[in-house]
Amino acid sequence: MKITQISVFLENRKGRLFEVCSLLGQNSINIRALTIAETETFGVLRIVVDKPEAATEVFKKHQITANLTSVVAVEVDDRPGGLAAVLKTLSDHDLNVEYMYGFVEKATERAMLVFRFEDPDRATKVLSAAGVRVVTESDIRGL
Amino acid sequence: MIWREDIETMPLENLKNIQSERLKKLAQYVYERCPVYKRKFDAAGVHPRDIRGIEDIAKLPFTTKIDMRDNYPFGLFSVPRGEVQEIHISSGTTGNPTLVGYTRDDLKLWGEVMARAFCCAGAKPDDTIQIAYGYGLFTGGLGAHYGSLEMGLTILPMSAGQTPRQLKVMTDFQPRIIACTPSYVLYMLEEAKELGYDPHKASWKIGVFGAEPWSEAMRKEIEDGWGMLATDIYGLSDIIGPGVSQECHHKKGLHVFSDVFYPEIIDPDTGQPVPDGQKGELVITTLTKQAIPLIRYRTRDIVSMTRQPCACGRTSPRTSKISGRTDDMIVVRGINVFPSQIEEVLLGIEGTHPQYQLIVDRQAHQLDTVEVQVEVDEKLFHDEIKQMHQLEHEIKKKIEAVLSVGVSVKLVEPKTIERSIGKAKRVIDKRKL
């Protein structure tokens with residue numbers, strides 16, 4: 001139950017993030033989760049959206065460098081210790097996190113965590129077995 | 001003083017006789033000894049017996065950097081390998097570098113023309129010279145060294161870099177002559193001030209600066225800053241290295257040592273000669289070289305030429321400083337760089353063909369900087385920063401290995417590099433040369 005993350009290559013210059021995000025808005029694509037990793041000269045915008053195919057099309061059309069990555073998203077209760085419990089499971093099973101980010105879904109009062117694993121399939125199995133609720137592609141589309 | 005007064009002040013008519021005799025011999029020599037030249041002559045329908053004097057030179061085919069690349073490493077040699085005494089290498093456009101080989105006599109010739117050059121700049125045999133051109137495969141250091149040996153100068157063989165040490169050696173040994181790239185002597189000016197030296201107390205009185213194009217503005221900066229005479233030396237490793245031509249203290253053009261390096265100025269598009277005073281591509285024939293004689297070698301450097309006598313007494317023709325190139329080669333810190341070399345490196349990475357651009361810049365009194373901008377497409381892009389840094393690092397290391405020049409790499413978004421008529425501009429040179 002992997003979901004699709006879109007990573008976008010961005011140069012560090014004024015207004016660039018705005019340009020990319022407005023493109024999504026104009027095409028009625030909703031951002032579910034977002035993070036930016038930045039360096040001195042460039043950044044990588046990582047987003048989870050409700051219509052990944054449409055977003056890919058838009059980026060291609062505007063010659064924005066983007067690629068798709070399989071990530072695993074889980075939902076945890078938005079309370080102290082929620083993330084730690086998930087991380088303990090990962091650690092116990094020797095699953096290495098390449099990077100992760102989280103955000104709170106207002107309607108459900110739950111936190112969504114997005115993980116990039118080297119082996120997302122095994123991670124999904126481990127997490128499901130441990131009783132962690134893994135978010136599906138249809139969850140994302142319908143959120 | 002004039003090192004070879006007999007030749008350097010010879011009436012032009014006599015000089016022409018020498019050139020004619022040498023060209024006749026040369027045509028015969030390469031035709032018999034070098035299959036590449038035989039093929040080229042045959043293809044052009046010219047035979048050595050058609051060459052009766054220097055005016056027949058236009059009958060001979062041009063030699064280009066492509067001939068050098070295609071016949072790398074030994075194809076252009078006119079002597080057996082055992083007679084080659086030294087080899088130097090410089091950048092080629094793609095693939096193979098450009099190689100120059102010297103016999104014992106070629107090295108003697110190199111020493112002689114460099115001695116002529118130092119004298120032309122104003123050196124005297126009892127002078128001390130600080131050689132801050134790089135020693136090694138680059139021709140600058142050893143060329144200057146051989147000339148100094150020939151002249152009997154006291155040599156400080158510093159090679160380039162280590163500025164505090166250069167300044168200490170200058171202070172301790174009081175050399176009157178400095179030989180290095182013009183940008184390096186300007187860089188040293190700034191360093192000297194920072195280290196507490198008074199540049200006007202420097203022992204250097206005459207500079208022999210070359211290996212890169214430089215302007216009259218730079219000359220003024222060097223002369224005012226250090227209180228010295230700054231002269232221009234020209235050469236290219238394809239021909240011999242430095243020592244093809246040199247300015248005298250009148251600084252009115254570079255005296256070409258035309259009894260051994262015969263110059264022509266041509267229209268680069270038609271190959272036809274242009275009149276004196278008009279700009280065109282410099283073409284050189286090495287009249288006496290043995291290992292790799294070059295017939296009508298296209299230097300790609302744009303200059304104009306005059307045959308008016310010079311107040312210094314030398315009769316040989318003079319060329320202007322280089323005003324441009326007919327190809328896209330640039331010179332960075334004395335090293336020749338072709339954009340195509342960068343292209344080759346990038347092609348070798350992930351098999352992609354990314355767009356790229358070189359931004360060459362020089363802050364006041366600093367050495368040249370090169371930024372390589374590479375457009376990141378889907379094939380190069382990775383969502384992990386770590387991988388992107390690795391990519392940057394890989395590109396940087398590979399380019400530096402090929403160019404022998406330090407660069408910085410900047411990853412940019414697609415279509416950020418300006419295209420003109422569909423073709424990307426490969427080099428943005430911001431230097432005020």
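The legends below accompany close-up views of a predicted model with chains A and B.

**View 1. The interface of chain B and chain A, seen as a whole.** In this predicted model, 19 residues of chain B are in contact with 23 residues of chain A. The size of an interface is often given as the accessible area lost when the parts come together. Between chain B and chain A the buried area is about 1,800 Å², and carbon and sulfur atoms give 55% of that figure. On the side of chain B, Phe381(B), Asp383(B) and Glu413(B) together supply 40% of the area that this chain buries against chain A, which is more than any other three residues supply.

**View 2. Charged and polar pairs across the interface of chain B and chain A.** Five salt bridges are found across this interface, and one of them joins Arg13(A) to Glu413(B), with the closest N and O atoms 3.9 Å apart; with the cut-off set at 4 Å, this pair is counted as a salt bridge. Glu413(B) also appears among the three residues that supply 40% of the area that chain B buries against chain A. The count of residue pairs in polar contact between the two chains is eight, taken over pairs in which both residues have pLDDT 80 or more. Two elements of chain B, α11 (385-403) and β20 (408-412), each supply at least two residues of the side that touches chain A, and α11(B) gives the most, with five residues. By class, that side of chain B divides into seven nonpolar, three polar and nine charged residues.

**View 3. The second largest pocket, with the residues of chain B closest to its centre.** About 510 Å³ of space lies in this pocket. The lining consists of 26 residues, of which Ile54(B), Tyr262(B), Pro263(B), Glu264(B) and Arg307(B) are the closest to the centre. The elements that give two or more residues to the lining are α2 (12-33) and β10 (261-266) of chain B. The lining residues divide into 15 nonpolar, four polar and seven charged.

**View 4. The largest cavity and the cis peptide bond at Pro73(B).** Rolling a probe the size of a water molecule over the atoms shows where empty space is left. A search of the whole structure finds three cavities of 30 Å³ or more, and the largest of them holds about 70 Å³ of space. Its lining is made up of Met68(B), Asn71(B), Tyr72(B), Pro73(B), Leu76(B), Pro97(B), Thr98(B), Leu99(B) and Ile292(B), a set with seven nonpolar, two polar and no charged residues. Two of these lining residues, Tyr72(B) and Pro73(B), are joined by a peptide bond that is cis, with omega near -5°. Pro73(B) lies in the loop between α4 (65-70) and β1 (86-90) of chain B.

**View 5. The second largest cavity and the salt bridge between Arg116(B) and Asp259(B).** About 40 Å³ of space lies in this cavity, which is lined by Ile7(B), Glu8(B), Leu15(B), Arg116(B), Val256(B), Phe257(B), Ser258(B), Asp259(B) and Ser316(B). The lining has four nonpolar, two polar and three charged residues. Two of the lining residues, Arg116(B) and Asp259(B), form a salt bridge in which the closest N and O atoms are 2.9 Å apart. Because Arg116(B) lies in helix α5 (residues 104-121) and Asp259(B) in the loop between β9 (254-256) and β10 of chain B, the pair ties together parts that are 143 residues apart in sequence. Over all chains, the count comes to 45 salt bridges.

**View 6. Two loop residues with positive phi, one in chain A and one in chain B.** Most residues other than glycine have a negative phi, and most peptide bonds are trans. In chain A, Ser28(A) has a positive phi of about 55° although it is not a glycine, and this serine is found in the loop between α1 (16-26) and β2 (31-38) of that chain. In chain B, Ala211(B), likewise a residue other than glycine, has a positive phi near 75°, and its place is in the loop between β6 (206-209) and α9 (216-226) of chain B.

Notes
Residues numbered from 1 in each chain as written. Chains lettered and ligands numbered in written order. Predicted model: local features only at pLDDT ≥ 70, side-chain atom pairs only at ≥ 80, totals over all residues. Heavy atoms only, no water. 1 Å grid on protein atoms, 1.4 Å probe; cavity = no way out; pocket = protein on both sides within 12 Å on 5 of 7 lines; lining within 4 Å. Points joined across faces, edges and corners; volume = space filled by probe spheres on them. Helix = DSSP H or I, 4+ residues; strand = E, 2+ residues; numbered from the N terminus. Nonpolar A, V, L, I, M, F, W, Y, C, P; charged D, E, K, R; others polar. Contact = heavy atoms within 4.5 Å. Buried area = accessible area lost by both parts, 1.4 Å probe. Salt bridge = Lys/Arg side-chain N within 4 Å of Asp/Glu carboxyl O. Polar contact = N/O pair within 3.5 Å; in protein donor to acceptor, adjacent residues only side chain to side chain.
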